[in-house]
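Good morning. Please have the sequence and the model open while I talk.

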Amino acid sequence: MRDTLLIALYAFAGAGATGLVGAAVLRPIRRRSLTASLAVVAAVGVVAMLAGTLAVAWAMFLSPHDLTVVTTVVAMAAVVSLATALLLGRWVVARSRELAVAARSFGDGGAFAVPAGPTTAELDALSRELASTSARLAESRDRERALETSRRELVAWISHDLRTPLAGLRAMSEALEDGVAADPGRYLRQIRTEVERLNEMVGDLFELSRIHAGTLPLAPSRMSLYDLIGDALAGADPLAREHGVRLVGHAVEAVPVEVDGKEMSRVLGNLLVNAIRRTPADGTVAVAAERSAEGVVVSVTDGCGGIPEEDLPRVFDTGWRGTHARTPPAGAGLGLAIVRGIVEAHQGHATVRNIPGGCRFEVTLPTVP
């Protein structure tokens with residue numbers, strides 16, 4: 001038993017010394033190729049066995065012949081181990097380089113393609129993560145392009161819509177200044193109308209900027225949706241009469257909601273104004289409110305004839321306006337974007353879909369506990 005303990009002690013001493021030397025070598029090369037690290041690890045294992053064997057042989061005074069045999073066996077094992085480590089290291093490094101080359105496509109705006117061929121479990125997991133990251137980056141780039149396109153369209157449309165009333169205001173003010181206005185009162189009323197349009201446009205831009213910045217102040221309180229819709233219908237009635245459109249709001253349940261009354265009134269007003277302006281004379285705009293599995297649903301149905309399917313995803317985008325929305329009363333295309341922003345600030349969502357003869361805008365709000 002004592003001899004066995006001595007052999008174990010000498011073997012551990014020789015192997016331990018080799019392990020310390022190997023650790024000292026690995027530290028300065030830890031940033032180098034994986035092949036070098038694997039070669040050092042393989043060499044440490046073989047040399048540790050050799051050192052332990054030599055220590056035991058020295059302690060036990062083995063014959064030179066036995067020592068030569070043991071050394072030769074260990075040397076052959078060292079050759080095989082180092083060769084295997086080098087092959088494994090080169091294979092892992094090659095797979096890593098393929099991943100690095102594939103990952104460069106991120107910066108070029110391309111999609112990540114998983115390199116072909118077998119890989120280790122760790123590299124395979126890394127490939128899946130890179131593929132997932134590539135998909136998210138592609139979605140982010142698409143959103144960024146869409147936002148940039150929307151921003152450019154908004155700037156162009158705002159510039160167009162500002163230029164028209166400003167040119168009219170300038171012409172009317174010059175006519176009044178020169179005393180050539182045949183009916184000064186009519187000119188003054190028209191100036192006031194244009195100023196109100198500009199004020200509404202600036203107000204919409206300010207509201208939209210607060211929504212995008214996440215600084216829209218909300219003061220939610222419990223109220224009846226029936227009252228909100230009733231007030232919105234009363235406010236939109238003069239415009240409906242002007243356009244010869246009937247407003248219908250019979251299918252409205254007295255559902256309680258917890259919302260900011262002012263902001264939600266703006267949502268309903270924007271939806272009603274949008275529906276009235278795009279519904280032909282003698283048409284009908286219907287408002288309904290009911291409970292559903294998702295929450296409380298408020299719908300506004302118009303008779304616009306429908307929206308092209310390819311345009312449906314863009315209806316709530318900032319600055320979007322339909323094909324027939326280039327007339328001045330159409331505004332700057334901010335109304336529906338404001339609707340979506342306010343509804344989402346209330347933890348709800350807004351959607352639109354086509355129905356026979358028109359389209360239906362739906363606003364879903366959380367149910368009051």
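I will go through one buried helix, some salt bridges, one helix pair and one loop residue. Keep in mind throughout that this is a predicted model.

Let me start with helix H8, which covers residues 335-345. Its buried residues are Leu336, Ala337, Ile338, Val339, Gly341, Ile342 and Val343. What covers them? The cover includes two helices, H5 (184-213) and H7 (261-277). It also includes two strands, S6 (349-355) and S7 (358-365). After H8 comes Gln347, and the phi of Gln347 is positive, near 65 degrees.

Next, the salt bridges. How many does a search of the whole structure find? The search gives 8. I will describe some of them.

Take Arg170 and Glu174, which form a salt bridge with their closest N and O atoms 3.3 Å apart. Both residues sit in helix H4, residues 121-178. They are 4 residues apart, about one turn of the helix. Is Arg170 buried or exposed? Arg170 has 59% relative accessibility, and the cut-off for exposed is over 50%, so Arg170 counts as exposed. Glu174 is partly exposed, at a relative accessible area of 37%.

A second pair is in helix H5. The side chains of Glu194 and Arg197 meet there in a salt bridge, 3.1 Å from N to O. In sequence these two are 3 residues apart, again about one turn of the helix. Glu194 counts as buried because its relative accessibility is 12%, and buried means under 20%. Arg197, with a relative accessible area of 22%, is partly exposed.

The third pair is Glu207 with Arg266, where the closest N and O atoms are 3.6 Å apart. This pair links distant parts of the chain, with Glu207 in helix H5 and Arg266 in helix H7, 59 residues apart. Glu207 is buried, with a relative accessible area of 3%. Arg266 is partly exposed, and its relative accessible area is 25%. Arg210 belongs here too: Glu207, Arg210 and Arg266 are linked in a network of salt bridges.

Now to the helix pair. Helix H6, residues 225-243, packs with H7 at an angle of about 30 degrees, and their axes are 9 Å apart. Angles under 35 degrees count as roughly parallel, so H6 and H7 are roughly parallel to each other. Their crossing is right-handed.

Which residues meet there? On the H6 side, they are Leu228, Ile229, Ala232, Leu233, Ala236, Leu239, Ala240 and His243. On the H7 side, they are Gly261, Met264, Ser265, Leu268, Leu272, Val273, Ile276 and Arg277. The residues of this contact divide into 12 nonpolar, 3 polar and 1 charged.

Last, a loop residue. Where does Leu218 lie? Leu218 is in the loop between H5 and strand S1 (221-224). It is partly exposed, with a relative accessible area of 31%. Leaving out residues up to four places away in sequence, Leu218 touches Asp260, Glu263, Ala345 and His346. Leu218 and Lys262 are 44 residues apart in sequence, while their C-alpha atoms are 9.0 Å apart in space.

To recap, H8 has buried residues covered by elements including H5 and H7. A salt bridge joins Glu207 in H5 to Arg266 in H7. H7 also packs with H6. That is all I have for today.

Definitions and conventions
Residues are numbered from 1 along each chain as its sequence is written. This is a predicted model: local features need pLDDT of at least 70, side-chain atom pairs count only at pLDDT 80 or more; totals for chains, interfaces and linings use all residues. Side-chain values use heavy atoms; hydrogens and water are left out. Buried means under 20% relative accessible area, exposed over 50%, partly exposed in between (1.4 Å probe, protein chains only). Contact means heavy atoms within 4.5 Å. A salt bridge is a side-chain nitrogen of Lys or Arg within 4 Å of a carboxyl oxygen of Asp or Glu. Axes are lines fitted to C-alpha atoms, for helices over the stretch in contact, and angles run from 0 to 180 degrees between N-to-C directions. Angles under 35 degrees count as roughly parallel, over 145 as roughly antiparallel, 65 to 115 as roughly perpendicular and the rest as oblique. A crossing is left-handed if the near helix is turned anticlockwise from the far one by less than a right angle, and right-handed if clockwise. Ala, Val, Leu, Ile, Met, Phe, Trp, Tyr, Cys and Pro count as nonpolar, Asp, Glu, Lys and Arg as charged, and the others, Gly among them, as polar.
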